[in-house]
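Biologist: Could you pick one part of this model and take me through it closely, residue by residue where that helps? I'd like the cut-offs along the way.

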Amino acid sequence: MEITLLGTGSPLPDPRRGGPATLIRAGGQTILVDAGRAVVMRLAGAGTLPVLLNAVLITHLHSDHITDLNDVITSHWVMTGQETPLVVYGPPGTQTVVDGILMMLGPDISYRLAHHTDTLTYKPKVVVTEVQPGATFAIGNVQVKVARTHHQPVEPTVAFRLEHDGKSVVLGGDGIPCDTLDEICAGADAYVQTVIREDLVKLINNKRFLDILDYHSTVEQAAQTATKAGVKKLILTHYVPSMQPGQEDEWRAFAAKYFNGEIVLGDDLTTTTI
Ligand SMILES: [Zn+2]
Ligand SMILES: [Zn+2]
């Protein structure tokens with residue numbers, strides 16, 4: 001199983017980092033988790049395309065995690081040779097968001113249908129399955145479990161555990177430690193967590209920025225969850241504030257205080273195999 005951090009950024013614009021998005025390749029399946037800023041560019045950087053995705057998983061409906069889902073939908077549609085659904089799983093509310101995206105794309109869809117009358121005879125088709133905590137489903141031979149996470153007042157938010165051939169990875173999304181996150185992480189080979197640096201956030205005397213502290217895991221909290229759940233590899237992403245070149249070891253050290261296993265972090269397209 002291969003895990004690629006497509007976008008390691010956050011809502012704060014950073015020319016070097018795309019928004020939250022992670023690619024999982026396992027058992028011949030190509031699965032995108034979240035679709036933040038620049039996701040289609042980073043998919044290309046990882047050697048794939050929206051049309052090659054077997055499924056898109058959405059952890060929650062915060063804009064930074066879905067802002068380029070419209071690009072995934074359009075790029076998937078225009079590169080299909082026949083009507084092929086884009087398969088999307090997400091928490092309740094995902095269908096409403098996708099319906100809104102398709103409405104926003106309405107003019108573009110009509111232009112392309114009018115222009116390519118012989119080769120593009122169908123509209124984009126997005127098949128959304130809204131998943132509840134506790135749900136299980138399969139993408140090909142990859143088994144997926146869903147758990148509730150704690151990112152309030154954002155509700156609902158979920159984590160996904162993907163398993164194939166005895167290997168497992170948890171995509172924790174945004175949120176602070178909680179029992180259901182501990183449970184879904186138990187014994188996982190890898191755990192991908194979005195993180196903030198509390199010490200750096202506190203240096204910036206801005207109320208709106210300080211507000212994020214109460215609903216995001218710090219680097220230390222992610223490490224504590226990994227240790228508590230017996231995770232083998234901790235993968236950090238969605239760095240707030242943006243991790244600057246040369247700061248990687250400093251960020252890693254914050255996690256290493258609470259976690260003895262391998263810690264992976266880095267720039268967009270950092271890839272690790274389990
Ligand atoms: Zn986020
Ligand atoms: Zn969020």
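Modeller: Let's fix one term before going in: a residue is buried if 20 or more other C-beta atoms, placed from the backbone, lie within 10 Å of its own, exposed if 12 or fewer, and partly exposed in between. This is a predicted model, so to speak of local features I need pLDDT of at least 70, side-chain atom pairs count only at pLDDT 80 or more, and totals for chains, interfaces and linings use all residues. Residues are numbered from 1 along each chain as its sequence is written, while chains are lettered from A and ligands numbered from 1 in the order in which they are written. Helices (H or I, at least four residues) and strands (E, at least two) are DSSP runs, numbered from the N terminus.

My pick is strand 2, residues 21–26. Six of its six residues are buried, so the rest of the structure largely encloses this strand. In a regular strand, side chains alternate between the two faces of the sheet. For strand 2, one side carries Ala-21, Leu-23 and Arg-25, the other Thr-22, Ile-24 and Ala-26, and both faces are covered. Yes, Arg-25 is on that buried list too.

Now the partners. Two strands pair if DSSP finds at least two bridges between them. Strand 1 (residues 2–7) pairs with strand 2 in the antiparallel sense, over five bridges. One position to click on is Ile-3, which stands opposite Ile-24 in strand 2. Strand 3 (residues 29–33) is also an antiparallel partner of strand 2, again with five bridges. Here Ile-24 turns up again, opposite Ile-31, so to speak for a second time, and Ala-26 stands opposite Gln-29.

Next, the connections. Strand 2 and strand 3 make a hairpin with two residues between the strands, and Gly-27 there takes a positive phi near 55°. The loop between strand 1 and strand 2 holds Pro-13. Pro-13 counts as exposed because it has 10 C-beta neighbours inside 10 Å. Its C-alpha atom is separated by 9.1 Å from that of Arg-37, although the two residues are 24 apart along the chain.

Moving outward, strand 3 is mostly covered as well, with four of its five residues buried. Strand 3 runs parallel to strand 4, and three bridges join them. Leu-32 has Val-56 of strand 4 as its bridge partner.

From strand 4 (55–57) you can step across to helix 3, whose buried residues pack against that strand. Contact here is when two residues have C-beta atoms, placed from the backbone, within 7 Å. Helix 3 covers residues 69–78, and its buried residues are Leu-69, Val-72, Ile-73, Ser-75, His-76 and Trp-77. Besides strand 4, they pack against helix 1 (39–45), helix 2 (63–66), strand 5 (86–90), helix 4 (94–104) and strand 6 (126–130).

If you want something to set beside this part, go further along the chain. Seven strands form an open sheet there, in the order 7-8-9-10-11-12-13, with mixed pairing. Its edge strands, each pairing on one side only, are strand 7 (136–139) and strand 13 (262–264). Inside that order, strand 11 (residues 190–196) and strand 12 (residues 233–240) pair in the parallel sense over six bridges, and Val-192 has Ile-235 as its bridge partner in strand 12.
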